[in-house]
Amino acid sequence: MPSAIATLRVTARVLASVAGAYAVTAGTAALIAVLLVTGAHLSRSDALIIGSTVGYLVFTFLMLWCFAERRLARVWLVLLVAGICCHGGVMLLEPFMPLPGAAP
Amino acid sequence: MSPPVHPDDPGDLRLAMNWFHTWFGLFLGGLLFVIFWTGTLAVFDREIDRWMMPATRLGTAPAITADALLPVIGDHATTARQWRMILPDARVPVVEVQISPAKGSFIRHFVDPRTMRILPDEGTYGGTRFFYPYHFRLNIGVTGLWLCAFAAVVMVALCISGVIIHRKIFADFFTLRIVRKPLRTILDLHNLSGVLALPFLLVISFTGVAVFTFSYLPTAQSLLFRGDPAAAASGYFSRKPAGQPGGPLVSLEGLRDKATAYWNGDRPKYVQLIHPGDANAYVEIRRPSARTISYSTEAIWFDAASGELLATSPTTGTRRFYDFMYGIHLVQFDHWPLRWLYFLSGLAGCALIATGLLFWVQSRRKRHEKLGMRGVHVTEALSAAITTGLLAATLGFMITNRLLPVGLEGRASMEVWAFHAVWVATLLHAAIRGRSVWHEQCWMIAAGCLAAVLLNAGTTGYLTNGNSLWPVAGIDLFLLSSGVVAAWTALKLRRKQP
């Protein structure tokens with residue numbers, strides 16, 4: 001493999017493990033928090049604590065997985081699909097969150 | 001075992017994790033060392049404060065009332081925007097008073113609880129305002145916060161990948177090969193410190209990022225609180241000033257009594273007055289947590305004139321879980337053996353990172369020399385500046401503190417300048433001196449430790465003032481033993497070198 005392409009592929013993988021994993025993490029944390037507020041009627045600050053705590057775990061494991069998976073294309077594909085799913089889920093669910101004052 | 005040259009190359013999970021561990025460890029190792037070292041120092045931040053602020057080295061504080069401190073605050077007590085007092089406890093023998101005056105800049109005083117006199121300004125950031133914030137934001141603001149949080153996530157991932165790489169984790173636990181093969185010794189030290197401190201490293205890195213719930217994942221936060229901005233205060237009470245003068249201040253000690261009874265625990269030491277003198281003035285008292293692992297984020301609010309209870313923080317299971325994570329990371333409980341264990345584990349973390357960097361350098365030295373590559377030289381210089389250089393800079397900070405006269409304009413920032421100047425100097429030294437950098441900087445550290453102890457004895461005469469001996473003597477004893485270790489290391493390294 002020419003070394004320029006090899007360098008590009010390493011860069012793409014590192015980018016996936018940092019920026020891609022972060023984007024999925026931010027979406028996952030938001031999705032969990034919104035689900036907890038909408039479904040379990042948790043208070044918003046409690047939902048945020050749980051969502052973020054789980055989110056940081058997700059970040060760590062995604063970061064490692066980006067290297068455990070050998071096929072670079074698959075790494076990016078999974079991150080893209082997961083990112084679209086969680087951010088999309090948040091956008092769909094957001095209008096159903098209880099209004100201020102309605103829930104504890 | 002050599003890692004794959006490229007992460008696309010075929011290989012099992014261990015090889016893939018090895019690539020991650022090698023390169024993420026190399027590029028974030030320096031930042032992680034800085035975070036671990038300043039965090040380790042911050043375990044004893046109050047004691048470092050006493051060392052660097054000789055006028056606050058007082059004996060155990062007598063029990064004092066919050067009301068007795070009002071004369072110290074003076075006119076500000078009714079005119080300031082807000083003020084707070086933090087009463088003495090087992091680790092801090094002085095009262096801290098902070099005032100945000102109606103006009104002018106923020107005021108911070110230490111008060112001697114026996115005479116109720118304001119102590120002269122010590123002109124230093126000490127441990128609590130230099131090393132502690134450096135630990136999570138490198139004292140460069142928001143960028144530093146993000147860098148440190150990212151480093152913490154990578155640290156958790158490095159721990160996990162390290163365990164996966166490690167083939168015989170339990171067998172190697174008892175292995176330390178000191179003889180003959182320095183490369184093997186470095187790797188064994190890396191493994192030993194990593195495995196011994198693994199639970200600590202995992203918990204401290206994870207809680208380190210998790211306690212900043214509200215900062216690093218702004219998507220969730222803005223989404224949740226966009227529709228309900230009031231909820232962002234998460235149960236914190238606040239009200240705006242009425243603009244009319246209010247009644248006289250109720251007895252603060254009475255409010256402390258009420259708070260103590262409400263929490264059924266220790267007497268709170270944190271009392272804050274918001275909009276003093278206004279009709280809407282109110283008092284915030286925070287829950288003390290010296291006797292629990294959790295660091296409580298609970299507070300209670302009273303009307304400042306009537307003493308009527310206004311609100312208390314909601315306590316939910318989630319909140320208690322958060323307080324527990326917070327407490328595990330912040331170590332604000334009074335427990336000396338545990339505090340020392342945190343300190344030693346922190347040092348183990350520093351050793352882990354330093355040996356990791358050294359292993360990268362040593363295992364590539366011959367190959368790089370043969371191929372004429374510069375990677376090893378650059379990494380060695382940077383690693384030395386970040387590990388031994390940072391220790392020298394810390395000593396430079398403490399020595400400057402004992403050399404500059406109290407009362408000098410801008411004294412606190414001069415100490416910070418000295419810290420960074422020494423740090424840059426060690427980098428230059430490392431760049432020039434090549435392999436000799438290690439033993440030469442070890443001698444610098446040994447000399448710095450001795451100088452700090454001698455200067456402290458010479459300029460403060462603490463030996464005759466037995467009031468608050470242990471915090472200060474503890475630091476001096478640690479400095480002396482570090483000096484011995486540094487000198488011994490320097491001698492050993494000298495002998496090894498051709």
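**How the labels are earned**

Author: In this predicted model, the side chains of A:Arg9 and B:Asp8 meet in a salt bridge, 2.3 Å from N to O. Local features need pLDDT of at least 70 and side-chain atom pairs count only at pLDDT 80 or more, while totals for chains, interfaces and linings use all residues. Side-chain values use heavy atoms, without hydrogens and water; residues are numbered from 1 along each chain as its sequence is written, and chains are lettered from A.

Reader: What makes the meeting of A:Arg9 and B:Asp8 a salt bridge?

Author: The term asks for a side-chain nitrogen of Lys or Arg within 4 Å of a carboxyl oxygen of Asp or Glu. The N to O value for A:Arg9 and B:Asp8 is 2.3 Å, so the pair qualifies. The count between chain A and chain B is two salt bridges.

Reader: Which helix of chain A gives the largest share of the side that touches chain B?

Author: That is helix 2 of chain A, with 17 residues. Helices here are DSSP runs of H or I with at least four residues, strands are runs of E with at least two, and both are numbered from the N terminus.

Reader: How is the area buried between chain A and chain B made up?

Author: Happily, the term is simple: buried area is the accessible area (1.4 Å probe) that two parts lose on being put together, summed over both. Here the value is about 3,800 Å², and carbon and sulfur atoms give 75% of that. In terms of contact (heavy atoms within 4.5 Å), 39 residues of chain A touch 48 residues of chain B.

Reader: Why is B:Glu380 called buried?

Author: Buried means under 20% relative accessible area, exposed over 50%, and partly exposed in between (1.4 Å probe, protein chains only). B:Glu380 has 3%, so the label is buried. This residue is found in helix 15 (residues 375–386) of chain B.

Reader: What makes the pairing of B:Glu380 and B:Arg365 a polar contact?

Author: A polar contact is a pair of N or O atoms within 3.5 Å; within protein, one must be able to donate a hydrogen and the other to accept it, and residues adjacent in sequence count only if both atoms are side-chain atoms. The side chains of B:Glu380 and B:Arg365 are joined at 2.9 Å, so they pass the distance limit. The side chain of B:Glu380 also makes a polar contact of 2.9 Å with the side chain of B:Trp438.

Reader: Why is the sulfur of B:Cys449 in no bond with that of B:Cys442?

Author: A disulfide needs two cysteine sulfur atoms within 2.5 Å. The sulfur of B:Cys442 is the closest, yet 11 Å away, and therefore too far for a bond.
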